[in-house]
Amino acid sequence: MQSAIILGRRARDARKIPNRFPLTSLTVIHPDPEFLEDIESLQNAVKLELNVHNVEFSSELGSYMKLKCNARHEIGKRLKRQARAAKTFIAAMSQEQIHELKDNGSYDFGEFEVLLGDVEIVFEFIGDEERYAIAQHGRLLVMLDTQENKELAYEAHARALKIGIQSARKELGLKPTQDIYVFYALGETSEKNA
């Protein structure tokens, strides 16, 4: 659970979305169903910690991410004249070829063989990067839905108002049992008692 929360905070920080602003959903993706069950049993804590309305779970990492290979600089030392061609082949590897390379430790292109140490395998997000803030570590991926809507904005304003009232009470030295009256203005002319 803690790793999902840390990644959720990292995704918020990357988009500069403060934790006080509520978000619609968090999706936790991991290929291990047991890992997801552990987090699902504590999803209320995750909701509170990351200020999200819904927590969703998926074990289908391939639906959100694809593998990508990048050639390491050291490949030139091993393959010498074939290094340029190898880098081109590595950049164009399919998902199946990358999985075969991961499973077998090497992949034979015919003219040359690429070893697992010749490449860096990374995950690449294939979803809507404008809408989702993502953070990933190993096989764990979290996606925060950052799409704004009026309901979330109202909730954020209500929370800010509540915090402002609590701060004012504290500054005035009021006790929680003491009644207060709060007035607010709508527009420029009307005043209401809350």
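Trainee: Where in the chain is Asn51 placed?
Mentor: This is a predicted model, in which local features need pLDDT of at least 70, side-chain atom pairs count only at pLDDT 80 or more, and totals for chains, interfaces and linings use all residues. Residues are numbered from 1 along each chain as its sequence is written, and side-chain values use heavy atoms, without hydrogens and water. Helices (H or I, at least four residues) and strands (E, at least two) are DSSP runs, numbered from the N terminus. Asn51 is in the loop between helix H3 (43–50) and strand E2 (52–58).

Trainee: Is Asn51 buried or exposed?
Mentor: Phi of Asn51 is near 55°, a positive value in a residue other than glycine. Buried means under 20% relative accessible area, exposed over 50%, partly exposed in between (1.4 Å probe, protein chains only). Because its relative accessibility is 10%, Asn51 counts as buried.

Trainee: What is the relative accessible area of Lys16?
Mentor: Lys16 is in the loop between helix H1 (2–15) and strand E1 (23–29). Its phi is near 60°, again a positive value in a residue other than glycine. Lys16 is exposed, and its relative accessible area is 73%.

Trainee: How many helices and strands does the protein chain have, and what is its radius of gyration?
Mentor: The protein chain has seven helices and ten strands. The radius of gyration is taken over C-alpha atoms, and the globule rule is 2.2 Å times the number of residues to the power 0.38. For 194 residues that rule gives 16 Å, and the chain is well over this, so it is more spread out than a compact globule; its radius of gyration is 25 Å.

Trainee: What box do the C-alpha atoms fill?
Mentor: The box is taken along the principal axes of the protein chain. Of the 194 residues in that chain, 29% count as buried. The C-alpha atoms fill a box of roughly 80 × 40 × 30 Å.

Trainee: How many salt bridges are there?
Mentor: A salt bridge is a side-chain nitrogen of Lys or Arg within 4 Å of a carboxyl oxygen of Asp or Glu. By this rule the count is five.

Trainee: How many residues apart are Lys68 and Glu124?
Mentor: Lys68 and Glu124 form a salt bridge, with the closest N and O atoms 3.6 Å apart. Lys68 lies in strand E3 (residues 65–71) and Glu124 in strand E6 (residues 119–125), so the pair links distant parts of the chain, and with a relative accessible area of 35% Lys68 is partly exposed. Glu124 is also partly exposed, at 28%. The two residues are 56 residues apart.

Trainee: Is Asp118 buried or exposed?
Mentor: Asp118 forms a salt bridge with Arg78, the closest N and O atoms being 2.3 Å apart. Arg78 lies in helix H4 (residues 75–79) and Asp118 in the loop between strand E5 (113–115) and E6, so the pair ties together parts that are 40 residues apart in sequence. Arg78 is partly exposed, with a relative accessible area of 37%. With a relative accessible area of 7%, Asp118 is buried.

Trainee: Which residues do salt bridges with shared partners join into one network?
Mentor: One pair to set beside the network is Asp145 and Arg131, whose side chains meet in a salt bridge (2.7 Å, N to O). Asp145 lies in strand E8 (residues 140–145) and Arg131 in the loop between E6 and strand E7 (132–137), so this pair ties together parts that are 14 residues apart in sequence. Asp145 counts as buried at 4% relative accessibility, whereas Arg131 counts as partly exposed at 31%. The residues joined into one network by salt bridges that share partners are Lys66, Lys68 and Glu124.
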